[in-house]
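Visitor: Could you take a close look at one part of this model, and then show how it sits in the rest of the chain? I would like the values behind each statement.

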Amino acid sequence: MGNSGDLGDEQDATNSQNKGKITCHRHTTHQIQTLEAFFKDCPHPDENQRRQLSKELGLDLKQIKFWFQNKRTQTKAQNERANNSVLRAENERVQCENLAIREALKNVICPSCGGPPFGIEERQRSLQKLQLENSQLKEEHEKVSNLLAKYIGKPICQMNSSLMPSLPGSAILEHQNVLPPPILPVHQEMDIGLDLNLQFKGINDLEQSLMMETATNAMDELIRLMRINEPLWIKPPSSTNIERYVIHPESYEKVFPRANHFKTSSAREESSKYSGMVTMNGMQLVDMLLDSDKWVDLFPTIVSKARTIQVLEPGINGNRNGCLQLMHEQMHILSPLVSPREYYFLRHCQQIELGLWAIVDVSYEWPKDNISSSHCWRLPSGFMIQDMTNGCSNVTWLEHVEVDDKTQTHRLYRDLICNNCAYGAERWVVTLQRTCERLLAENSQSIHEVGGGKLDFPQLSEANNSGVRVSVRKSLGHGQPSGIVVSAATSLWLPLPSHNVFNFFKDEKMRAQPFIPTENNMLMLQESCIDQLGSMVVYAPIDIPSMNLAISGDDSSNIPILPSGFVISSDGRQRDHYRASTSTETGFGTGTGIGTGGSLLTVAFQILVSSPSSSKELNMESVATVNTLISNTVQRIKASLNCSNLD
């Protein structure tokens with residue numbers, strides 16, 4: 001009986017202890033695999049994501065929350081242990097090297113005679129000898145500097161930093177004992193400048209490693225942004241396009257915390273994602289997108305100029321996988337009222353799997369070139385290209401930039417740009433689709449003529465009182481007439497839907513109203529295109545003999561073409577109310593348009609005012625004539641569209 005009582009007391013004590021313990025719940029294999037997979041994409045799930053996981057896995061919200069906290073702590077500890085191991089090994093290696101150097105210093109000998117180390121007197125004599133040589137080098141450097149300054153026409157200290165960024169004066173000669181370039185005859189002075197420019201343009205190993213790290217991190221962010229929709233991406237409230245998304249700022253900051261590039265209150269972000277099918281296979285498209293010349297030709301209405309500064313990694317075994325290059329580009333809106341955007345950026349290509357490619361662009365500070373800093377910064381952006389079985393490709397485009405509007409965008413284009421339309425992903429994809437369709441129709445592998453007739457507004461002067469901007473250039477380009485060309489452009493707002501304005505210019509009878517009749521021996525060569533974002537009507541006068549040569553099958557590449565035209569787009573906003581006159585004769589008035597936006601029209605003329613053989617010189621009268629021509633044309637367009645009362 002005594003033993004029985006003792007056993008009962010022990011059981012009561014055990015039960016009392018078990019009541020104070022917390023029951024542990026061990027997750028199933030399926031639950032752990034699901035949580036691990038989700039953690040790889042999103043280690044910081046929000047409340048909605050935790051609730052969804054709770055329903056899917058049959059776990060409490062607290063269990064989900066604690067699991068992710070523990071997982072993050074575990075991952076951090078593992079990373080720290082790995083880093084400590086690396087640092088410990090590096091420390092041991094440095095200590096061994098330090099010990100070896102100390103032992104070597106004990107047995108140092110003179111490199112010239114094999115004798116004992118230099119004494120104080122020997123070191124003094126060597127120092128005096130080096131100082132004498134340094135003085136001679138300074139004199140030679142000064143001679144070369146004077147020679148270059150004489151050729152360039154300004155002191156050497158004022159030369160472009162891109163020419164001699166590593167020659168701040170005599171400091172390098174004093175500390176590095178570097179020999180200056182040899183003095184050459186005067187006819188070789190240009191070669192000296194070119195050699196110096198090439199010598200100091202290289203990218204060292206440290207900077208190249210930094211570029212590779214920047215591009216790799218950008219690629220990781222791009223792939224994650226491509227594969228996750230909500231909550232990172234949302235549809236804009238005003239958008240009816242099911243393929244168009246913009247970034248949700250709060251969700252993005254949680255997943256990709258970072259400091260803003262611009263620290264001013266005027267800075268803002270633009271983001272968009274859009275998908276579309278293009279009529280070109282993926283590999284061919286990748287090759288074109290990595291070629292700066294073809295990049296311009298693929299997007300003539302977006303990219304005005306581009307160049308590859310240096311190819312840092314060409315790819316693996318001739319494949320584009322792993323390709324990395326430093327590039328520069330200038331982007332524009334087809335209007336003289338909008339200043340271009342300029343980027344120095346890294347472009348990195350990676351093959352995700354067979355038939356799937358990703359190309360990322362990310363801005364990079366490039367101080368080698370002496371240009372003013374840009375007002376925009378490209379965050380990880382780019383495109384994913386999926387090969388399809390029919391020879392086409394599905395392209396998903398992502399644009400994400402930070403803009404500092406120190407100089408405010410012109411009021412006519414402010415809504416179009418700020419609403420992610422002007423430089424948005426949809427515009428890139430739509431432009432690429434149109435170019436690829438044109439290439440397919442022409443059945444040509446070369447695209448260098450695609451952008452030959454594009455409109456551009458280089459070196460435009462300030463707008464005059466009439467809002468017209470004029471530039472003058474000497475035309476010597478292939479396929480253009482030789483001589484002095486005056487270009488004039490202006491943009492205006494019209495209270496009409498953009499497709500109405502496009503239909504007006506396409507209509508043969510209506511289009512003739514604002515135009516001055518051409519000469520009897522001239523024909524008008526015209527092309528037009530339209531998509532969901534805008535339209536263009538480009539035309540060029542051509543004489544009858546040249547047209548007959550082209551029709552007869554002769555080489556038409558040498559026929560001089562000087563294009564002018566019209567660019568039409570929506571104004572980027574929905575108007576609550578505006579009223580325009582209704583015309584039963586033309587059918588282009590809209591009456592009262594509730595909730596309908598207007599359109600932006602850019603008119604651009606190019607006129608040859610003198611040929612190389614002509615003795616006529618360009619004067620202000622020629623510029624004034626072109627200015628008057630475009631101003632009168634704009635007034636006639638307004639009158640034809642019943643918009644004459646607009647300012």
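Guide: Two residues are in contact when heavy atoms of theirs lie within 4.5 Å. The model is predicted. The part chosen here is helix 17, followed by what surrounds it.

Some figures for the whole chain come first. The protein chain has 647 residues, of which 40% are buried, and it holds 17 helices and 18 strands. Its exposed area is about 37,200 Å², with 51% supplied by carbon and sulfur atoms. Of the contacts between residues at least 6 apart in sequence, 67% join residues at least 24 apart.

Helix 17 covers residues 620-640. Its 21 residues reach 30 Å from first C-alpha to last, close to the 30 Å expected at 1.5 Å a residue. The buried residues of helix 17 are Ser622, Val623, Val626, Asn627, Ile630, Thr633, Val634, Ile637, Lys638 and Ser640. They pack against one helix segment, helix 14 (498-506), and against strands 11 (469-475), 12 (483-494), 15 (564-570) and 18 (599-610).

Just after helix 17 comes Asn642, with a positive phi of about 60°. Most residues other than glycine have a negative phi. Asn642 counts as partly exposed because its relative accessible area is 25%, between the 20% limit for buried and the 50% limit for exposed.

One of the strands packed against helix 17 is strand 15, and Ser569 belongs to that strand. Ser569 is classed as buried because its relative accessible area of 13% is under 20%. Leaving out residues up to four places away in sequence, Ser569 touches Leu416, Ser498, Leu533, Gly534, Ser599 and Leu600. Two other elements packed against helix 17 recur here: helix 14 spans 498-506 and strand 18 spans 599-610, and Ser498, Ser599 and Leu600 are among the residues that Ser569 touches.

Gly534, also touched by Ser569, leads to strand 14, which runs over residues 534-543. Asp543 lies in this strand. Asp543 is partly exposed, at 24% relative accessible area. Beyond its neighbours within four places in sequence, Asp543 is in contact with Asn521 and Met522. Ile559 is 16 residues from Asp543 in sequence, and the two C-alpha atoms are 9.7 Å apart.

Helix 13 (residues 425-442) offers a comparison for the length of helix 17. Its 18 residues should span 26 Å at 1.5 Å a residue, and its end C-alpha atoms are 26 Å apart, which agrees. Buried residues of helix 13 include Ala425, Trp428, Leu432, Cys436 and Leu439, together with the charged residues Glu426 and Arg427.

Empty space inside the model is the last item. Rolling a probe the size of a water molecule over the atoms shows where such space is left. There are 3 cavities of 30 Å³ or more, and the second largest holds about 70 Å³. Its lining consists of Glu270, Ser271, Ser272, Arg341, Glu399, His400, Val401, Asn420, Tyr423 and Gly424. At least two lining residues come from strand 3 (267-278), and at least two from strand 10 (393-404). By class, the lining has 2 nonpolar, 5 polar and 3 charged residues.

Methods
Residues numbered from 1 in each chain as written. Predicted model: local features only at pLDDT ≥ 70, side-chain atom pairs only at ≥ 80, totals over all residues. Heavy atoms only, no water. 1 Å grid on protein atoms, 1.4 Å probe; cavity = no way out; pocket = protein on both sides within 12 Å on 5 of 7 lines; lining within 4 Å. Points joined across faces, edges and corners; volume = space filled by probe spheres on them. Helix = DSSP H or I, 4+ residues; strand = E, 2+ residues; numbered from the N terminus. Buried < 20%, exposed > 50% of the residue type's maximum accessible area, 1.4 Å probe, protein only. Areas by Shrake-Rupley, 256 points an atom, 1.4 Å probe, with all protein chains shown as cover. Expected span 1.5 Å × (residues − 1).
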